[in-house]
Amino acid sequence: MRIVSLSCRDYRNLAPLCFSPKPEGNVLWGQNAQGKTNLLEALWIFTGGRSFRGAKDSELVRHGAAGARLLLSFYSEEREQSAEIRIAGGRRQVLLNGIALHSPGELVGHVYAVIFSPEHLALVRGGPANRRSFMDAALCQMKPGYAGILSRYHRALSQRNALLKDIPRHWELEDTLPIWDARLVQDGERIVSQRKAFLSRLSVFASSVYAGLSHGAESLQIFYHASAPNFADNLQKEHKQDIRQGFTGAGPHRDDMVLQLNDSSARSYASQGQKRSIVLALKLAEAHILEECTGEKPAVLLDDVLSELDSARQDYLLNHLSQYQVFITCCEPQQAMNLHSGGLFRVENGMVTAAGPEKRKGEVYVSSSGTEHGDTK
Ligand SMILES: Nc1ncnc2c1ncn2[C@@H]1O[C@H](COP(=O)(O)OP(=O)(O)OP(=O)(O)O)[C@@H](O)[C@H]1O
Ligand SMILES: [Mg+2]
């Protein structure tokens, strides 16, 4: 898949623009608060996901405007396609090739991307919910039926939890618990098996990227931690405890993805640069598996990825992205000079222009891989 162009109106601080990226590397550079992350976010929402910054739809509309409109032209499934998103009154309306879709989620499976942003460091630093969302979001892009199974599981879970709270006042309701157990087990076991299969692929690629980033000095291990190794048995055995607590104590909604560096917990022991390297390894591995599953290469969106990485890690990363269409933000374009050939785009006050840094006469920036980065105009 390749992004051909993005136009937008009244999206965050972005000026009405038509951004035509290169098929290879795209460096989006500019000072703080100019619109670099907003531009990546505008591309990302075409994957059918929510804002990776957790923003509400109403926050995506320029202050004071009634609604925002985004138009993406992309090449996928061997043809040029278009998608349009209109956001107004807290609602999102989506058109694919001119035809209105029932829900924004139906865009999943048309535009593929993986995103790294500093918020994703919570994947290592934060609690298990972050890691479950990573697995679930990746599987939703890869497996068409997964989102439906997941939402049915969560619906059944909240109904079971409501029942658990009612039982102490109406003990006769306890007899209906097995009905909800059966519903949870049916979808829960499918969720766990898909997540485990995903992690076993993920760990192969992520460990290899991580070994490259750390120049073989450290090894990353990833495995699935089930809160209830036998979900069906556990649900039945824990009826009394679940009633006492008023919620379902174990199951896929409490499971975790364990990340270890050299056999120690990454959450407890990894340094800032190591945490960033782990998240990057996970994201690049996700891109690889996404391509295996869909036959399409996702766009790789990297927001502020280079800070906290030493120059050896930066070089490894920038030299290993050449198979993807990459969008990378930074404040100083020299930081990303090792990125494979492509375009330099300056982001300033919401405007995006094809431009490299100011050059003295005759000066050309050349990366260590030999790529010339001059003015792309
Ligand atoms: N709905 C909105 N309407 C108008 N402006 C907005 C809206 N949402 C965010 N902004 C503004 O957009 C500006 C650019 O934000 P963005 O996060 O894209 O900056 P950035 O270039 O990535 O900066 P940094 O280098 O600090 O990460 C900010 O000043 C922010 O306040
Ligand atoms: Mg930013």
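# A tour from ligand 1 outward

Start at ligand 1 and select Asn-32: an N or O atom in the side chain of Asn-32 sits 2.9 Å from an oxygen atom of the ligand. Keep in mind that this is a predicted model.

Now select Asn-38. Here the backbone takes part: one of its N or O atoms is 2.9 Å from an oxygen atom of ligand 1. Next, pick Arg-53. A polar atom of the Arg-53 side chain lies 3.1 Å from a ligand oxygen. Show the surface of ligand 1. On its own the ligand exposes 660 Å², and the protein buries 72% of that.

**The shell around the ligand**

Select the residues around ligand 1. There are 15, and those that come nearest are Ala-33, Gly-35, Lys-36, Thr-37 and Val-61. Colour the shell by type: 8 residues are polar, 5 are charged and 2 are nonpolar. Which helix gives the largest share of this shell? Select residues 36–44. This is helix α1, and it supplies 3 residues.

**The sheet**

Move to strand β1, residues 2–9, and add strand β4, residues 67–76. The two run antiparallel and are joined by 7 bridges. For one pair, find Ser-5, which faces Ser-73 in β4.

Now add strand β2, residues 17–19. Strand β2 is also antiparallel to β1, with 3 bridges between them. Click on Leu-6: its bridge partner in β2 is Phe-19. Then click on Ser-7, which stands opposite Cys-18 in β2. Strands of a sheet pair through backbone hydrogen bonds.

Show the whole sheet. It is open, has 6 strands and follows the order β2-β1-β4-β5-β6-β7, with antiparallel pairing. Why do β2 and β7 each have one side without a neighbour in the sheet? Both stand at the edges with a single partner strand each, so one side stays unpaired within the sheet. To see β7, select residues 99–100.

**The kinked helix**

Jump to helix α6, residues 177–213. Look along it for a kink of about 25°, centred on Leu-202. Then step just past the end of α6 to His-215, where phi is positive, at about 50°.

**The annotated span**

Finish by selecting residues 4–340. An unreviewed UniProt entry places the feature "domain: RecF/RecN/SMC N-terminal" there. Within this span, 42% is helix and 20% is strand. Pick the C-alpha atoms at its two ends: they lie 18 Å apart.

How values were computed. Residues are numbered from 1 along each chain as its sequence is written. Chains are lettered from A and ligands numbered from 1 in the order in which they are written. This is a predicted model: local features need pLDDT of at least 70, side-chain atom pairs count only at pLDDT 80 or more; totals for chains, interfaces and linings use all residues. Side-chain values use heavy atoms; hydrogens and water are left out. A residue is near a molecule or strand if one of its heavy atoms lies within 4 Å of it. A polar contact is a pair of N or O atoms within 3.5 Å; within protein, one must be able to donate a hydrogen and the other to accept it, and residues adjacent in sequence count only if both atoms are side-chain atoms. Accessible areas come from the Shrake-Rupley method with a 1.4 Å probe; for residues, only the protein chains shown count as cover. Helices (H or I, at least four residues) and strands (E, at least two) are DSSP runs, numbered from the N terminus. Ala, Val, Leu, Ile, Met, Phe, Trp, Tyr, Cys and Pro count as nonpolar, Asp, Glu, Lys and Arg as charged, and the others, Gly among them, as polar. The bend at a residue is the angle between axes fitted to the seven residues ending there and the seven starting there. UniProt positions are given in the numbering used here, feature names are shortened, and annotations may be inferred rather than shown by experiment. Two strands pair if DSSP finds at least two bridges between them.
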